[in-house]
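Subject: The two-chain model, with notes

Hi,

Here is the model I promised to send over. Have a look at it first, then read on.

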Amino acid sequence: MFDRIDRLMRSLAALLAILGGLALIAVILATVMSVSGRALLWAGLGPIRGDFELVELGTGFAVFAFLPWVQINRQHASVEILTMHLGSAANRVIDVISDLLMLAIALLLTWKHWAGTLDKFAYGETTFIIQYPIWWAYASGLVGAVGFVLVSIWCVILSVRALMNGESQTHGETAH
Amino acid sequence: MTNIDIALLSFPVLLLLIFLRVPIGLAMLLTGIGGSYFINGSFLMIFAQLKNLTWGTFSSYSLSIIPLFLLMGQFATLGGMSQSLFKAAETWMGHKKGGVAMAAVGACAGFGAICGSSLATAATMGQVALPELKRYGYSGELATGALAAGGTLGILIPPSVILVIYAILTEQNIAKLFVAAFIPGILAAIGYMIAIAIYVRLKPGSAGQRERAPYSERFRSLIDVWPVLLVFIAVVGGIYGGIFTPTEAAAIGAFGTGLIALVNGGLNRTTLKVSILATASATGMIFLIVFGAGVYNAFLALSQLPQTAATYVGSQGFNPWLVMVAVLLLYLIFGCVMDSLSMILLTVPIFFPIMSALDFGLSPEEFALWFGIIVLIVVEVGLITPPVGMNLFVINSMAKDTPLSATYRGVFPFVMTDIIRVAILTMFPAITLVAVRLLY
């Protein structure tokens, strides 16, 4: 059961990260098309209208979708110079506290981002050029945000379990 | 308690959290949210801001350059460009005393021109160059030291993720910062090569001899480098020339390196997945820090601390150069334990207004460019200073038979050249600014 949830969470985080990466690739292709169009104005082509709004939509979605992946692999930048001299029990306590704090922030951000989405929906705000409703963009971020909350809950469970069993957790490798 | 007191108190709280291994971005978020609670007396204002701040940061057009550059670096590693760069540098310089190590530095510089991240540059070039260095009898000490130092060229030579962040924090033109970074980046590469030349003469057993490559082979090796040159010209040239926005340039660069990797057969479903996941890790990590710093710096600005500190320092009649030296020393010390991005995001919003209030005989814009480049270099020195230097760890983990202490010793001469270079660039701002003055 435990291992199944663990696998599920890791697959969820990986899936979201891949979706985010594909959104980035879409951003790259759209930008290249737009720039080529701009260069080929004489041939009757043109840039994509409001291309920067697509860039913002794509990266916003992608960054939200990347958060669960970073959290489940424990790849957030942190300073270990003092804690590496502490015992492993102390470090496991720190893991629990720091995962709880991350969960609190994940909940807060998701809750506020949800409220922001509702605001944008209520006011019917659209972007300037393409005029897609901004709440769509916000809602796309919610996908990653909810994943971030789920993964953060799981990370708390993992570190509490490690504290009780006295076993060390697997830490992700360093981000490049 | 005045607002200034609250802001001053927030520093020890933030540092405590950071040194208790709380992720740096999270620590800044918590301190920033807590601090604005104490200033406003309620969470209302910060909570209202958070409704739009998260999306606003994550979807920011100017920040979107970061994941694009990171993906570009990933594709560049797949495209075999690191091999062809090293091969070319090796056939030209390999026969000299310490030449293979110099070639590794040169190839790092070349790779830095298409990669905006130091860790990626160190990791990529390490894979290619370490086996060769070993084959020609270079000591693990010299090999790992040279590659760890060479890796910092990834950030020093534009494009550079850290410079993008600095440009956004200080509202400077990214293109001009990239221009300004160029000469100091080349000087860094030359400095490292000189360090190698001195090192192999002082420790004769540390490097073997490589046979001289015939000129036919040398010129042939240059042909394989053209994709790197093409991507560099398109990206950096496009930004310099104002043809593309930096984000567009990054997208084109990622497209170009991706295409090259596809043609060379380095890009397939598996490696694409690996590239995306690595980009996701680095991007998510960076954006949490950027977001946390945004919240924390908004709190500091609300407390008026940066302005007050700037006015105070400006009115004390301190010698600007002494303040500069003090700030640089602080960076070097912090760099021993903290990563470069967090340092920039934590310190620039406070130090930049203070330093701008001092008179270095430069226009505000020139000061901002010069200070940015100097800060970039000193935080990058942090990547190769023990005990916590990420580049040292990355390279050392690849060289299985070299103990970490040997890498610490090996990097020492390179840190020395870094310090000498910082001193020279600080004393003569014109070296950094001449290219900007000529081009703009």
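Below are my notes, chain by chain, with the odd backbone spots and a few helices of chain B at the end.

First, the ground rules. This is a predicted model, where local features need pLDDT of at least 70 and side-chain atom pairs count only at pLDDT 80 or more, while totals for chains, interfaces and linings use all residues. Residues are numbered from 1 along each chain as its sequence is written, chains are lettered from A and ligands numbered from 1 in the order in which they are written, and side-chain values use heavy atoms, with hydrogens and water left out.

**Chain A**

Chain A has four helices and zero strands (both are DSSP runs numbered from the N terminus: H or I of at least four residues for a helix, E of at least two for a strand). Along the sequence that reads α-α-α-α. Its radius of gyration is 20 Å, whereas a compact globule of 176 residues would come out near 16 Å (taken over C-alpha atoms; the globule rule is 2.2 Å times the number of residues to the power 0.38). The C-alpha atoms of chain A fill a box of roughly 70 × 35 × 35 Å along the principal axes.

Of the 176 residues in chain A, 52% are buried (under 20% relative accessible area; exposed is over 50% and partly exposed lies in between, with a 1.4 Å probe and protein chains only). If you take contacts between residues at least 6 apart in sequence, 78% of those in chain A join residues at least 24 apart (a contact means heavy atoms within 4.5 Å). The chain exposes about 8,600 Å², with carbon and sulfur atoms supplying 69% of it (Shrake-Rupley method, 1.4 Å probe; for residues, only the protein chains shown count as cover).

As for charge, chain A has 10 positive and 12 negative charges, and their mean positions are 4 Å apart (Lys and Arg count as positive, Asp and Glu as negative, with His and the chain ends not counted; each charge is placed at NZ of Lys, CZ of Arg, CG of Asp or CD of Glu).

**Chain B**

Chain B comes to 22 helices and, again, zero strands. Does its radius of gyration agree or disagree with the globule rule? It agrees: 440 residues would give a value near 22 Å, and chain B has 22 Å. Its C-alpha box is roughly 75 × 50 × 45 Å along the principal axes.

Buried residues make up 62% of chain B. Residues 24 or more positions apart account for 81% of its contacts with a separation of 6 or more. About 15,900 Å² of chain B is exposed, and carbon and sulfur atoms supply 71% of that. The mean positions of its 20 positive and 16 negative charges are 10 Å apart.

**Odd backbone spots**

- Arg74(A) has a positive phi of about 55° without being a glycine. It lies in the loop between helix 2 (51-72) and helix 3 (88-123) of chain A, and at 18% relative accessibility it counts as buried.
- Gln131(A), also not a glycine, has a positive phi near 65°; its place is the loop between helix 3 and helix 4 (134-165) of chain A.
- Pro158(B) and Pro159(B) are joined by a cis peptide bond, omega about 0°. Pro159(B) sits in the loop between helix 9 (153-156) and helix 10 (161-170) of chain B.
- The bond from Pro386(B) to Pro387(B) is cis too, with omega near 0°. Look for Pro387(B) in the loop between helix 19 (364-381) and helix 20 (390-398) of chain B.

**Three helices of chain B**

Helix 8 (residues 140-151) should span 16 Å at 1.5 Å a residue, and its end C-alpha atoms are indeed 16 Å apart (the expected span is 1.5 Å times one less than the number of residues). Eleven of its twelve residues are buried, so helix 8 is largely enclosed by the rest of the structure. The buried ones include Glu141(B) and Thr144(B). Among the partners that the buried residues of helix 8 pack against are helix 6, helix 7 (118-135) and helix 11 (174-202).

Helix 6 (residues 99-112) has 13 of its 14 residues buried, so it is also largely enclosed. In helix 14 (residues 246-263), 13 of the 18 residues are buried. Just after helix 14, Gly265(B) takes a positive phi of about 85°.

Cheers
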